[in-house]
Structure formats: structure tokens, C-alpha cells
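Q: I'd like a close look at one part of this model, with its surroundings filled in as you go. Please keep it chatty but stick to the geometry.

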Amino acid sequence: MQLFCIHVRLTRNRQREGVPSEMLKHERQKRLLNLIRAKRISTQEELRTHLERAGVPATQSSVSRDLEDLGVVKHHGSYALPQRNGDAARGLLSLDFAGEVLVVAKCLPGRASSVAVEIDDANLPEIVGTLAGEDTIFIAVHDQKSQRLAMKKIWKLFG
């Protein structure tokens, strides 16, 4: 019970400091993916502990939701990202233009969040931001020129 109270206080403090809860979720998911890539982790409690040590507040239920959102699976007793061949290896299926300042990415079901995290981590200057659903990501860019360049860079990132 004490850990829950600490998490709530930290989350509320960050929200009071102007950090939206969606940004906290994005940071937690980013750290979670990095931990899974770097270490052999077999329980959600282990993941939660590593996140807390890294200064990222997390509860067991938030870790559970993040694992599902990111498409993380258990393989031989530890968490792993699914492995496939081709562009769908990390979930990206297609990119399409939408107007002059939007790119729509289609992903494998449940993989949009992890694809959006990778796109955000690439820090492409053409991209203003991403918004991920279950299997679709809206990618906002500065202008039409940025739209084409961002699509090329995203394909290169996932190619």
C-alpha cells in the first residue's frame, strides 16, 4: 500500500509540474522497451522495480497495460519483443500521405504504440509529434516537404 501512495504522489507532483500523464506513459514505455532489450527480465514486478530505480513511477497494472500496448511477449520465461521477418519485424506495415502535414502509419494489431516510440526516439526534425492507437499512428509534420522526407526516414528506420 505504501508503494502505491508514493506512486500517486510522484505522478501528481509531475502532473502539477506540467508533465501530462500521456508523457509519463510514453517515457515509461520507452524505458520499458529499453530494459527488455538490455536485460533478461521474467516478471512484471522485476520490470516495475527497474523502472522505479530509473526514476520512472510504475504500478504493476501500468506495467501490465504497457506490455500489452507494446506487444511484448514472454519467450522462454522472459519478456521479449516479437520477432518477424521484413518490415513487419517491429510492427510497421504501411505509410500513407494524409493532407499536407500528416502521415498515417498502419501497424500490426497492438503494435502502434511501440512503433510510435521508435519513431519518437529517432528524433526526426521533420516530425512534430505522433499519436498512436491500436494499429494506426498519426504522424504530424511541419509541411509537405517534411512529409515526404519523414516517410523516407521512417522507412529507412524500419527497413
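The part I mean is helix 5: which of its residues are buried, and what sits around them?

A: Let's start with the helix itself, keeping in mind that this is a predicted model. In helix 5, the buried residues are Ala 112, Ser 113, Ser 114, Val 115, Ala 116, Val 117, Glu 118 and Ile 119. That's eight of the ten residues in the helix, which spans 112–121, so "mostly covered" is a fair description. Just past the helix, Asn 123 adopts a positive phi of about 50°.

For some context, the chain has six helices and six strands. Reading from the N terminus, the order is α-α-α-α-β-β-β-β-α-β-β-α. Of the 159 residues in the chain, 40% count as buried. Long-range pairing shows up too: take the contacts between residues at least 6 apart in sequence, and 58% of them join residues at least 24 apart.

Now for what helix 5 touches. One partner is Gln 29, which sits in helix 2 (residues 21–38). Setting aside neighbours within four places in sequence, Gln 29 is in contact with Ser 113 and Val 117, as well as with Asp 66, Asp 69 and Leu 70. With a relative accessible area of 4%, Gln 29 is under the 20% cut-off and therefore counts as buried. Its side chain also has a polar contact of 3.1 Å with the side chain of Asp 66.

Right beside it in helix 2 is Arg 28, which is buried as well, at a relative accessible area of 11%. Leaving out residues up to four places away in sequence, Arg 28 touches Leu 51, Val 56, Pro 57, Ala 58, Ser 62 and Asp 66.

Those partners lead over to helix 3 (residues 44–53) and helix 4 (residues 60–70), whose axes come within 9 Å and cross at roughly 105°. Because that angle falls between 65 and 115 degrees, helix 3 is roughly perpendicular to helix 4. Helix 3 brings Gln 44, Leu 47, Arg 48 and Leu 51 to the contact, while helix 4 brings Gln 60, Val 63, Ser 64 and Leu 67. By type, the residues there split into four nonpolar, three polar and one charged.

Back to helix 5, and its link to the nonpolar side of things. In soluble globular proteins, nonpolar side chains tend to be buried together. Here the largest nonpolar core has 18 residues, and the members touching the most other members are Leu 92, Leu 95, Ile 127, Ile 137, Ile 139 and Ile 154. Helix 5 supplies at least two residues of this core, and so does each of strand 3 (92–98), strand 4 (102–107), strand 6 (136–141) and helix 6. A second, separate core has 16 residues, including Leu 35, Val 56, Ala 58 and Leu 67.

Ile 154 ties into helix 5 directly: its contacts, not counting residues up to four places away in sequence, are Ile 119, Leu 92, Leu 95, Leu 124, Ile 127 and Ile 139.

For contrast, look at Leu 149, which belongs to helix 6 (residues 144–158). Leu 149 is only partly exposed because its relative accessible area, 36%, lies between the 20% and 50% cut-offs. Its C-alpha is separated by 7.3 Å from that of Glu 126, a residue 23 places apart along the chain.

Methods. Residues numbered from 1 in each chain as written. Predicted model: local features only at pLDDT ≥ 70, side-chain atom pairs only at ≥ 80, totals over all residues. Heavy atoms only, no water. Helix = DSSP H or I, 4+ residues; strand = E, 2+ residues; numbered from the N terminus. Buried < 20%, exposed > 50% of the residue type's maximum accessible area, 1.4 Å probe, protein only. Core = buried A, V, L, I, M, F, W, Y, C linked by side-chain atoms within 4.5 Å. Contact = heavy atoms within 4.5 Å. Polar contact = N/O pair within 3.5 Å; in protein donor to acceptor, adjacent residues only side chain to side chain. Axes fitted to C-alpha atoms, helices over the stretch in contact; angles between N-to-C directions. Parallel < 35°, antiparallel > 145°, perpendicular 65-115°, else oblique. Nonpolar A, V, L, I, M, F, W, Y, C, P; charged D, E, K, R; others polar.
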